[in-house]
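Let's take a walk through this one together. Have the sequence and the 3D view open, and we'll go step by step.

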Amino acid sequence: MVIGLHETEPCLRAYDSGYVRILHADHERCRSAETAEAHHTRARRTFGFTEEASYGPDGKITLPPLMRRKGKIEDLALFVGTGGTFEIWNPQLALEAGDVSLRELAIWRLEEFPPPAH
């Protein structure tokens, strides 16, 4: 599995390594509609700032430390399917998002799984 920074949101985006070919095609399709600087910035974010993660024997995903830090993932993570990829959010950041549905999902998950007391 590949985990990287989301292009526009303050979360991570994850996908199967086979999905990279779709991202490459998408990236090239958008090339003519953006400046060279924007194209290269998006390329670095999409392909350069990623790390591989694996499933443990228990089926859990171990987030690489850099991605965990960049996504501001703490005790809890909110996983949101988005088609061929999924997003990994810090639930508190999801509460601040502009998307009403995402905020509702974060509220529901936080009520169901409250953060551990420190």
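**A salt bridge and its helix**

The structure holds 1 salt bridge. Keep in mind that this is a predicted model. So who are the partners? Arg-109 pairs up with Glu-112, and their closest N and O atoms sit 3.2 Å apart. Both belong to helix H5, and because they are 3 residues apart there, about one helical turn separates them. As for how much of each is open to the outside, Arg-109 is partly exposed, with a relative accessible area of 34%. Glu-112 is partly exposed too, at 40%.

Now step back and look at the helix itself. H5 runs over residues 100-112, which makes 13 residues. From its first C-alpha to its last it reaches 18 Å, close to the 18 Å expected at 1.5 Å a residue. Right at its start, a side-chain oxygen of Asp-99 comes to within 2.8 Å of the backbone nitrogen of Ser-101.

Which residues of H5 are buried? Look for Leu-102, Ala-106 and Leu-110. Seen down the helix axis, the buried residues of H5 fall within an arc of 65°, so they line one face of the helix. And what do they pack against? Their neighbours are strand E4 (78-81), strand E5 (86-89) and helix H4 (91-95).

Turn to the other side of H5 and the picture changes: Glu-104 and Glu-111 are exposed there. So H5 has one face lined by its buried residues, while those two glutamates sit exposed on the other side.

Terms used
Residues numbered from 1 in each chain as written. Predicted model: local features only at pLDDT ≥ 70, side-chain atom pairs only at ≥ 80, totals over all residues. Heavy atoms only, no water. Helix = DSSP H or I, 4+ residues; strand = E, 2+ residues; numbered from the N terminus. Expected span 1.5 Å × (residues − 1). Buried < 20%, exposed > 50% of the residue type's maximum accessible area, 1.4 Å probe, protein only. Arc of directions from axis to C-beta. Contact = heavy atoms within 4.5 Å. Polar contact = N/O pair within 3.5 Å; in protein donor to acceptor, adjacent residues only side chain to side chain. Salt bridge = Lys/Arg side-chain N within 4 Å of Asp/Glu carboxyl O.
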